[in-house]
Amino acid sequence: MSVPPPGSLTQLERAAAFDPALPDAYEPLFVGERRVALDEVLTRYPTRMAALLPALWMVQEARGWVSEAAMAEVAEVLHVTPAYVKGVVTFYTMYHQRPVGRHFVQVCTTSPCNVCGAEDVVRAFLTHTGSGEIGATSPDGRFTVIEVECLGACGFATPIMIDEDVIEGVTAAQVPEIIARYP
Amino acid sequence: MITLTIEGRQVSVPEGTSILEAGKAAGILIPHYCYHPGLPVAGVCRMCLVEVEKSPKLAPACATAAADGQVVHVHSESALEARQGVLELLLINHPLDCPVCDQSGECELQDYTYAEGRRSTRYREPKRVNPVEDFGGDVVYVPNRCILCTRCVRFMETVAEDPVLNVSDRGDHALIGKFENQDLTHPWAGNVVELCPVGALLSKDFLNKARSWDMDRAASVCPGCSQGCNIVIETRDNVVARLRPRPNADVNQYFMCDEGRLNYRWLNRRDRVAEPLVRRGDALIPVDWEIAIDAAARTLTGRRVTAIVSPGLSNEVLYLLRRVLERCGAESEGVFAVRQGPEAPLPGVPDLAVRADRAPNVQGAELMGFRRTDAPLDAVRSGDVLLLADADLSAAGAAVVSGALARAADIIVIGTTVPAWAAGAGAALPLANMAEDEGTFTNLRGRVQRYRQAKSPPALARPGWSVLADLLVALGDPIVVWTPAEAFSALAQAHPAFAGMTYEGLGATGTVVADAREPRAVTAGIGA
Amino acid sequence: MGYPHPPHPRETVLLSQYFGDPEARSLAGWRQRGGYRALEQALAMEPTAVTTIVKDSGLRGRGGAGFPTGTKWSFMKPGDGKAHYLCCNADESEPGTFKDREIMRWTPHALVEGCAIAAYAIGAETVYIYIRGEFTEPLQRMTEAVREAYAAGLLGPGAMGGKARIDVRIHKGAGAYICGEETALMNSIEGRRGNPRIKPPFPATAGLFGMPTTINNVETLAAVPHIITQGAAWYKAMCLSSPKSPGTKLFSVCGNVRRPGNYEVVLGFPFEEFLYDLCGGPPAGRKFKAIIPGGASVPIQTMDEVRATKMDYEGFVAGGSMLGSGGVICIDDAQCMVKQIGRLARFFAHESCAQCTQCREGTSWTTKIVERIEAGQGTPDDLDTLLEIADNMTGKTICVLSDSCAVPVVSGIQKFRDEFDAHIQGHRCPFRVAAAAA
Amino acid sequence: MPIGVKVLERPIEDVSYVRATLTGMGLTLRHLVNPHKVTVQYPEQREQLSPRWRGTHRMLTTDDGKSKCVACGLCPTVCPANCIKLVPGEDAQGNRYPLVFEIDEFRCIFCGYCQEVCPEEAIHVGRHYENSEYSRDGFVYDLERLMAQTHPVCEMWDPADPRGE
């Protein structure tokens, strides 16, 4: 098991995803400022349900991933059922249903990047971050590396996305230097 | 109305009807999985693809409106090929475990594969495997057999309005999912088992109990509450194995509640009274029917009788009971109590709910002039003959019961069981229960519906209408009733609310009584 | 311009004029470059007049289907008491396409302006710009542009001096290719799974939130201001081949090519010259083996097939492929086609929404078979099976994703059968062997 | 003849027993001198049974000693003599298995349909004929007994190899 990275709200909550025996340490998200922000989002749509994707983004920004408890809270706030929220969360690949590393690395390996050697970039990331396996978090909790289907920057092969940053034209040789930028 | 041709047959349907429904009207079944008449159209299984002349692509029959002059081919080469393709794809990840699957024999995947599918698979890759999941309530989910038709999801979302099921994930990993601790506990959730066209959602109660081909089926009416949902009773070796809903657009559409579905074990009770009994000294001993009927008639003749009847008896039995009371002494009366339970509506269907009155023939009992009361035993006056017609009085306290017994001079039991406290009865006449008999119930909206015999009664027990006809004859009534149809026509002739009805004319879906709102009492002087 | 390369003289830069110019991003910078004049002009006209101009210009949807934009707008019937919506499809996720990304990165106000004009023309009060979740920078630029436009009174109540209320909302996607399908996009905005809907009803009757809705691609909307300011005739005259395909189009070029990037040319441009002159041809010492001219879901072509193609809607169809979204994927002779076709199939299998049987099961089965062939485990029957599955997946589902998966497989097997046969007969991938030897 | 039986006149050679007696004695005599023997010295000697012989049943087991039967219910359905009683149940792992599986060998007509229909190749008719019990009940074989049988099983007729070669 990887060491839960610090930062977002509770380490206990992250750990609870791995160990159901731990007590539920969930703290509500949509209170105070975030609730105000959500209410503002709600004004943009004619239905409450439409705020689901933005609300889930808020959850992910705050906690780094979308836990089942968070899904239940979103469901309550938006007057839908948790099962419905889960159905939506599992549809969209960008919502993490498990805790991920401090930095989430997505390497595009779809055809246009693939012909330009994207697989070497993935291998380099897996080796240099030490996570070893796609989807796994490195032992130091720093990186999770995944292959992603098309980042929409095909002309700049290979594009990668670390957290919110898109880095274009990455080659396997540049990987150690890029990793060093993300402590 | 528009007219179209399906497989060479002309059919006229109202505008807006789908090709699939038009096909049904023409007597042509267009194979389908995700379509269900009680649910919104999803159009996802792509099984109902048909060829429509002058249309470039195959059309999904469930989602395509029939148009005037359309010519539809269901079994053309291209349509068959498309459906064969769908079947092959549905089966690539299917475990093909029909021998252990409860749905086997009534599985639409099995049926259509036999009818139209490929003889062998070309799939050589490992199959997708997921563990069986308990969905709570009465439902268990076997994901490997799931074809993702989403009928269950749509039912919970739009009919039960409790969307606890979802489609999780996407691509070929997709599954029906639910949220932890949010189970299928909705009172109508069990319908998803019925809706599932394959063996993915199974009833825990029915699991591994019987094969579909082992069972005998009888059209019936649910005895659980006054809603009167139409059901099918399925029996295996004379034992009721399960109840399933039977469509009736006016009552329950396609659904029945879980309580009704699972409440069938009493139909299989083994502690039944199986022979006519009369008192000899301290004991009730088995005798011939004639002796028991005579004993009962002697006890009743000229005496003041209080009958406590069950609102679960058929209209005919209640009518004959009323006639028995009229043969007895003055001031004889009949009362009944109705077990109560919480009401639970199915939001997506108008006027469908588990009703608070947990008995099938409350309306019928009132129409026959029986008085509804919460304390039926209080009606027993000192010196009365207590006629107990299959009534369940277990809810009354021991003191109330013993008080009533002390007041009653004699007790006659007509029923499926002899309760322990009625052991002092002078005679007990064994009846067949509703699954062993046929007859009619009147539901809370006054709809008179037939139920048919599903199994045979134990030993010498006889249908109520037959026993009471004999009793009436013994009491001097000139009635002639040899069949349940004759019993019903006797009722129809005597009771204005049933006027003009015939037993056969009730059909599969029933007829509403005249002036359904106001229950009216039977008038005296019926002995025609 | 051939961003990230300087513009090539043979390009006609209209939308891409300010790519690489950071000052064009701000409202002030955009106004200096002539921005928002078109909106002003449009608001001075009747909405139907705006629609007529666009219809006359012959502008066609740049998202893939190529439906005439003006005609699409004319389906909307304002004043029926319902809410009307305009959706801008910025969920550019077709592999090989990255033109909308650059429009939003460099000239966000061009899109805001286009949205406002379109909304005015069709009587939509609210515009939703659906930007895919992976586009973090475009999202940030667009959010900033919309904020500026609101602050300057260009949007919101009384936009541009009180003639109409136009609200522009940005909706961030969360990683689903299928949300580029218009009805799936609407479901996604509504907070549902991005499942395509059955048509009919069409969006113009019952779309977003059940209301009449028009959906346009980013590039389409960004072209609208130019048409308004310079006129329909001017736009219609920009045409090199088929008169049905006027105007300029951004082509995204990627893969094994010397100068990948976005190139803006007038439709009807000769494809061979485009590939060799503008994009610099294949990498040194290589040859183009296969070209996918319109994003991942159009038929793969050999270099010989594309040589004579004129780059417009009709030209690509005549050549046996499609213009699609204008994402040109170049594959050189060092690549294993079986592997690339498998990779494309895997993309579609990953992105299938799981509604229709053919797509859910067919895409993943196709992927498994092609990947097995690539691994040297294929049998001669596999190709027939693949073609039959592809046939099953074509034209039978709610949306065209499963057709899109079948397309590269069918065209790939047709055109590169020798490579498939080499894998099957040799029980291994010849390219891997060659790479290992090198 | 009170009930009117008609007595036929038949030729003497048809009704005479002399010829039949002599034929029988001749046969006996021939076997006395002929070395060919059909009598088997049972139980010391056993007849070789055909591989398609259908005798009393046997339930095959898996490697871990459980019956292969999954209680699918096809054999009681197909059985023309209605001699198989099956009650399905569910074990701790959630697998379907026969709670009760009984074959009444007295009622069985040894048609072999049960073996033919079995999707799990569990129930077989056996190459076995030596059955004796002290009571009729003894011929109702329960699952335990069916599983304990060790005799070889019938090889079904194979349409692809009709002569068993």
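Let's start where chain A meets chain B, and with salt bridges: across that interface the rule finds zero of them. Keep in mind, as I go, that this is a predicted model. So what does hold our attention at this contact? Polar contacts do turn up there, in four residue pairs, with both partners at pLDDT 80 or more. On the chain A side, the elements that give two or more residues are α4, residues 68-78, and α5, residues 82-91. Of those, α5(A) supplies the largest share, seven residues. Sort that side of chain A by class and you get seven nonpolar, four polar and two charged residues. As for area, about 1000 Å² is buried between chain A and chain B, and carbon and sulfur atoms give 57% of that.

Now, let's step back to the whole assembly. Which pair of chains has the most contacts? Among the four pairs of chains that touch, that is chains A and C. Some pairs don't touch at all. Chain A and chain D are one such pair, with their nearest C-alpha atoms 23 Å apart. Chain C and chain D don't touch either, and there the nearest C-alpha atoms are 25 Å apart.

Let's spend some time on chains A and C, then. The contact draws 56 residues from chain C and 41 residues from chain A. Together the two chains bury about 3800 Å², with 56% of it on carbon and sulfur atoms. If you'd like some residues to find on screen, try Glu134(C), Ala174(C) and Arg343(C): these three supply 16% of the area that chain C buries against chain A, more than any other three residues.

How many salt bridges does the rule find across the interface of chain C and chain A? Five. An example to look at is the one between the side chains of Arg346(C) and Glu147(A), at 2.8 Å from N to O. Polar contacts are there too, with 24 residue pairs across the interface of chain C and chain A, again with both residues at pLDDT 80 or more.

And where on chain C does that surface come from? Seen by element, those giving two or more residues to the side that touches chain A include the helices α5 (99-106), α9 (182-189) and α15 (337-351) of chain C. Strands of chain C are on that list as well, among them β2 (126-131), β4 (164-172) and β12 (327-332). The element that gives the most is α15(C), with eight residues. By class, this side of chain C has 24 nonpolar, 17 polar and 15 charged residues.

While we're on salt bridges, here is the overall count: 85 over all chains, by this rule. One of my favourites to show is inside chain C, where Arg10(C) pairs with Glu273(C) and the closest N and O atoms are 2.5 Å apart. Why show that one? Arg10(C) sits in the segment before α1 (27-32) of chain C, while Glu273(C) belongs to helix α12 (residues 271-278) of chain C, so this pair ties together parts that are 263 residues apart in sequence.

Staying in chain C, let me show you a pair of helices. Helix α3 (residues 47-57) and helix α10 (residues 218-230) of chain C pack at an angle of about 100 degrees, and their axes are 10 Å apart. That angle makes α3(C) roughly perpendicular to α10(C). Which residues make the contact? From α3(C) come Val50(C), Ile53(C), Val54(C) and Ser57(C), and from α10(C) come Val224(C), Ile227(C) and Ile228(C). By class, that contact has six nonpolar residues, one polar and no charged.

Last stop: a few backbone details to check by eye. In chain A, the peptide bond from Ala157(A) to Thr158(A) is cis, with omega near -5 degrees. You'll find Thr158(A) in the loop between β2 (143-148) and β3 (160-162) of chain A. Chain C has a cis bond to look at too, from Lys199(C) to Pro200(C), with omega near -5 degrees. Pro200(C) lies in the loop between α9 and β5 (213-217) of chain C. And in chain B, look at Leu96(B), a residue other than glycine with a positive phi, near 55 degrees. Leu96(B) is in the loop between α2 (77-92) and α3 (108-116) of chain B.

That's my tour. Thanks, everyone!

Note on methods. Residues are numbered from 1 along each chain as its sequence is written. Chains are lettered from A and ligands numbered from 1 in the order in which they are written. This is a predicted model: local features need pLDDT of at least 70, side-chain atom pairs count only at pLDDT 80 or more; totals for chains, interfaces and linings use all residues. Side-chain values use heavy atoms; hydrogens and water are left out. Axes are lines fitted to C-alpha atoms, for helices over the stretch in contact, and angles run from 0 to 180 degrees between N-to-C directions. Helices (H or I, at least four residues) and strands (E, at least two) are DSSP runs, numbered from the N terminus. Angles under 35 degrees count as roughly parallel, over 145 as roughly antiparallel, 65 to 115 as roughly perpendicular and the rest as oblique. Contact means heavy atoms within 4.5 Å. Ala, Val, Leu, Ile, Met, Phe, Trp, Tyr, Cys and Pro count as nonpolar, Asp, Glu, Lys and Arg as charged, and the others, Gly among them, as polar. Buried area is the accessible area (1.4 Å probe) that two parts lose on being put together, summed over both. A salt bridge is a side-chain nitrogen of Lys or Arg within 4 Å of a carboxyl oxygen of Asp or Glu. A polar contact is a pair of N or O atoms within 3.5 Å; within protein, one must be able to donate a hydrogen and the other to accept it, and residues adjacent in sequence count only if both atoms are side-chain atoms.
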